[in-house]
Amino acid sequence: MVIAIVAYFFVENFMVSSDQDELINPKTYIEKINQERAAKDELFRSGPDSPIPNKADFHGLHYFKVNTDYRIKATISPYMKEDKEFIVQYTDSTSEKYERYGYAHFSINNQPQKLLLLKHDGVISALFRDETSGIETYGGGRYLDFSPSDVKNNSIFLDFNKAYNPYCAYEPNFACPLPPAENTMQISIFAGEQ
């Protein structure tokens with residue numbers, strides 16, 4: 001009985017969900033995300049590259065509450081076709097060449113999802129829209145970025161608590177990549193920046 005109680009406590013307090021094999025402490029994780037958000041607010045408030053036009057009136061970005069359910073392990077199927085080059089349109093009508101890296105396969109609320117991962121300048125990105133886009137979140141979509149070292153055994157953790165808006169959400173003079181049409185999810189992602 002004691003072993004069962006200890007095992008239950010361990011699973012409930014140190015595992016994000018049963019389909020993930022990376023142990024985390026939820027309390028420490030939430031504190032870390034909130035610290036990262038506070039640091040970003042300070043950067044936007046005082047940084048020289050801040051997209052905020054009127055810093056005096058800036059009181060911080062708006063976020064959904066941190067939710068460990070939106071930190072999800074995804075399986076990556078590498079893009080194997082020869083047409084790896086992908087032209088990404090920008091908000092200012094320009095475009096850039098990206099590389100199709102692969103597809104991230106995962107589930108949210110028992111609904112299977114798939115996102116095209118793109119690689120550009122050594123960064124792997126998931127540019128996406130969801131049902132919150134244009135309502136609770138920026139209509140142009142949000143981003144998740146990764147380094148190639150984040151991919152382990154063709155899997156990656158998609159942490160939607162770290163989903164962020166491009167600079168053009170705050171200042172339209174910035175040119176920002178638009179998510180591919182296929183990366184429009186038919187669910188609401190109540191995580192990350194609003």
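**Exercise 1. Classify R45, then find its salt-bridge partner.**

Solution. Start with accessibility in this predicted model. R45 has a relative accessibility of 32%. Buried means under 20% and exposed means over 50%. R45 therefore counts as partly exposed.

Next, the partner. R45 forms a salt bridge with E42, and their closest N and O atoms are 3.0 Å apart. E42 is partly exposed too, with a relative accessible area of 39%.

Last, the location. Both residues lie in helix α2 (residues 26–46). They are three residues apart, about one turn of the helix.

**Exercise 2. Describe two salt bridges that link separate elements, D83 with R100 and E85 with K97.**

Solution. Take D83 and R100. Their closest N and O atoms are 3.7 Å apart. D83 sits in the loop between β1 and β2, while R100 is in strand β3, so the pair ties together parts that are 17 residues apart in sequence. D83 is partly exposed, at 41% relative accessible area. R100 has 15% relative accessibility and counts as buried.

Now take E85 and K97. Here the closest N and O atoms are 4.0 Å apart. E85 belongs to strand β2 and K97 to strand β3, twelve residues apart. E85 is partly exposed, with a relative accessible area of 49%. K97 is exposed, with 56%.

Then widen the view. The whole structure holds seven salt bridges. A network of them links K32, E36 and K162.

**Exercise 3. State the order of helices and strands along the chain.**

Solution. Count the elements. The protein has two helices and seven strands. Read them in sequence order: α-α-β-β-β-β-β-β-β.

Now look at packing. Of the 194 residues, 42% are buried. Take the contacts between residues at least 6 apart in sequence: 61% of these join residues at least 24 apart.

**Exercise 4. Work out how β7 is placed.**

Solution. Begin with burial. Five of the five residues of β7 are buried, so the strand is largely enclosed by the rest of the structure.

Next, the directions. S155, F157 and D159 point one way, and I156 and L158 point the other way. This fits a general pattern: side chains in a regular strand alternate between the two faces of the sheet.

Then the pairing. β7 runs antiparallel to strand β1 (residues 71–78), joined by five bridges. One of the bridge pairs is A74 with I156.

Compare another pair. β5 and β6 also run antiparallel, with five bridges between them. There, A126 has L144 as its bridge partner. Four of the five residues of β6 are buried.

**Exercise 5. Find the largest nonpolar core and the residues with the most contacts inside it.**

Solution. The largest core has 23 residues. F106, L158, F160 and I189 have the most contacts inside it. At least two core residues come from each of β1, β3 (95–108), β4 (111–120), β5 (123–128), β6 (142–146) and β7. A second core lies apart from it, with twelve residues, among them Y79, Y103, L118 and C168.

Look at I189 again. Beyond its sequence neighbours up to four places away, I189 touches F64, Y70, I108, F128, D130, T132, R142 and F160.

**Exercise 6. Which residue far away in sequence lies 6.7 Å from V88, C-alpha to C-alpha?**

Solution. It is L178, 90 residues away in sequence. V88 lies in strand β2 (residues 85–89). At 1% relative accessibility, V88 counts as buried. Among the residues in contact with V88, beyond four places in sequence, are L118, L127, P177 and L178.

**Exercise 7. Compare two residues after β7: N165 and E171.**

Solution. N165 is in the segment after β7. Its relative accessible area is 2%, so N165 is buried. A polar atom of the N165 side chain lies 3.0 Å from the backbone oxygen of Q194. Contacts of N165 beyond four places in sequence include Y138, R142 and Q194.

E171 is in the segment after β7 as well. E171 is buried but has no salt bridge. The nearest side chain of opposite charge is K55, 11 Å away. Leaving out residues up to four places away in sequence, E171 touches P51 and P53.

Terms used
Residues are numbered from 1 along each chain as its sequence is written. This is a predicted model: local features need pLDDT of at least 70, side-chain atom pairs count only at pLDDT 80 or more; totals for chains, interfaces and linings use all residues. Side-chain values use heavy atoms; hydrogens and water are left out. Buried means under 20% relative accessible area, exposed over 50%, partly exposed in between (1.4 Å probe, protein chains only). Lys and Arg count as positive and Asp and Glu as negative; His and the chain ends are not counted. Contact means heavy atoms within 4.5 Å. A polar contact is a pair of N or O atoms within 3.5 Å; within protein, one must be able to donate a hydrogen and the other to accept it, and residues adjacent in sequence count only if both atoms are side-chain atoms. Two strands pair if DSSP finds at least two bridges between them. A nonpolar core is a set of buried Ala, Val, Leu, Ile, Met, Phe, Trp, Tyr and Cys residues joined through side-chain atoms within 4.5 Å.
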